[in-house]
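Reader: I would like a close look at a single part of this model, taken slowly and then tied to what surrounds it. Please begin with one loop and work outwards from there, explaining each term as you use it.

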Amino acid sequence: MRYTPVVTAQAGAPRQAPALCPELDHPEDRVPMRKNTQRKTRPGTPPRCEHCSTRGRCLFAVLPQPQYDEFSALIRERTVAVGETVEFQGCNGDAFGVVKVGLLKAVRQGAGSGDRAIALLGKGRLIGVTLPFAQSALLSLVAITPMRICEVDVQAVRRIALQQPLFQQAIYRTVAAFVGSVADWSRLVREDSFLVKVCVALHLIAAEEGSQAFRIPSHVELASVLGARRETVARQIAVLIERGMFRKVDRWHGVLTSVGCDGLSEL
């Protein structure tokens, strides 16, 4: 079942009807809701923040200690399966989250053009970034690798976190970095060479993961965000491996062995 996105009204324009948003508590029963509801925070486990490899990128970690202790008690970490949609464009949810492990594809629906993947997002990226400001989601976010995310009720974000200047500054920086990432993916789509596209895409994924070694998304997902065919992506990865710029560890994992993609466009 498709959903109807919320369109932001221009000044003086009539107010749009609320979106019919799928209920994500039970993905198999996606029934339209009468109000702008995304999903409720799912059951999870308390996060083990002291052992988290994403702590350096985690927005929650910037809170001063007294507020962090109160806030962290409300956070739940949960697993997200491949293909699960954790945010729907045009919907308002009640869960605000940080990606701990894994990759999301950001999907934008435009008038008459269907859904288009526009970027891949990884560690430290926010789920529900517009929700603390009472704005509906600008994108749909779909897991393309196994994931773990840390979530908290958005009301707790407003009541505890947004009152802290350090958190305010950090969320602005995180949003600015997100805009920069989307711009990088947008620029990449305009690259003429598919070899360069695939090479730069792998480097962008490594940046999202914070490591030169990472889980490789399916060729289908890479193709969708690059505006290419699956077979084209497979061929270009093979060329990068042949030239010693990328190494496959196993079917799902790889390591970048070059510092960039300079010179490829001239070949």
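Author: Helices (H or I, at least four residues) and strands (E, at least two) are taken here as DSSP runs and numbered from the N terminus. The model is predicted, so local features need pLDDT of at least 70 and side-chain atom pairs count only at pLDDT 80 or more, while totals for chains, interfaces and linings use all residues. Residues are numbered from 1 along each chain as its sequence is written, and side-chain values use heavy atoms, with hydrogens and water left out.

The loop to begin with runs between strand S7 (140-143) and strand S8 (147-153), and Thr145 lies in it. Is Thr145 buried or exposed? With buried meaning under 20% relative accessible area, exposed over 50% and partly exposed in between (1.4 Å probe, protein chains only), Thr145 counts as buried because its relative accessibility is 2%. Contact means heavy atoms within 4.5 Å, and, leaving aside residues up to four places away in sequence, Thr145 touches Val80, Val82, Gly102, Leu103 and Arg215. Of these partners, Gly102 stands 43 residues from Thr145 in sequence, yet the two are 5.6 Å apart in space, C-alpha to C-alpha. For the background to such a pairing, among contacts in the chain between residues at least 6 apart in sequence, 71% join residues at least 24 apart. The chain has six helices and 11 strands, and buried residues make up 47% of its 267 residues.

From the loop we can turn to strand S3 (residues 95-101), where Lys100 lies. Lys100 has a relative accessible area of 15% and is therefore buried. Again without residues up to four places away in sequence, Lys100 touches Cys52, Thr54, Glu77, Lys123, Arg148, Ile149 and Cys150. One of these partners, Thr54, is found in the segment before helix H1 (65-72), and Thr54 counts as buried because its relative accessibility is 2%. Thr54, for its part, touches Val99, Lys100, Lys123 and Gly124, with residues up to four places away in sequence not counted.

Strand S3 also leads to an enclosed space. On a 1 Å grid over the protein atoms alone, a cavity is a set of points where a 1.4 Å probe fits but cannot get out, whereas a pocket is an open set with protein on both sides within 12 Å along at least five of seven lines, and lining residues have an atom within 4 Å of a point. Grid points are joined across faces, edges and corners, and a volume is the space filled by probe spheres set on the points. The structure holds one cavity of 30 Å³ or more, and the largest cavity has a volume of about 140 Å³. It is lined by 16 residues, of which Cys49, Cys52, Cys58, Phe60 and Cys150 lie nearest its centre. S3 supplies the largest share of this lining, three residues. For the classes, Ala, Val, Leu, Ile, Met, Phe, Trp, Tyr, Cys and Pro count as nonpolar, Asp, Glu, Lys and Arg as charged, and the others, Gly among them, as polar; on that basis the lining of the largest cavity divides into 11 nonpolar, one polar and four charged residues.

The second largest pocket holds about 260 Å³ of space. Its lining has 14 residues, and those closest to its centre are Leu126, Val129, Thr130, Leu139 and Phe178. Helix H3 (residues 165-189) gives the most to that lining, with three residues, and by class the lining has 10 nonpolar, two polar and two charged residues.

H3 appears once more in the surroundings of helix H5. The buried residues of H5 (residues 219-226) are Glu221, Leu222, Ala223, Val225 and Leu226, and they pack against strand S4 (104-110), strand S5 (114-121), H3, helix H4 (194-209) and helix H6 (230-242). Axes are lines fitted to C-alpha atoms, for helices over the stretch in contact, and angles run from 0 to 180 degrees between N-to-C directions. The axes of H5 and H6 come within 8 Å and cross at roughly 105°. Angles under 35 degrees count as roughly parallel, over 145 as roughly antiparallel, 65 to 115 as roughly perpendicular and the rest as oblique, and H5 and H6 are therefore roughly perpendicular to each other. His219, Val220, Leu222 and Ala223 of H5 make this contact with Arg230, Val233, Ala234 and Ile237 of H6. Just after H5, Gly227 takes a positive phi of about 70°.
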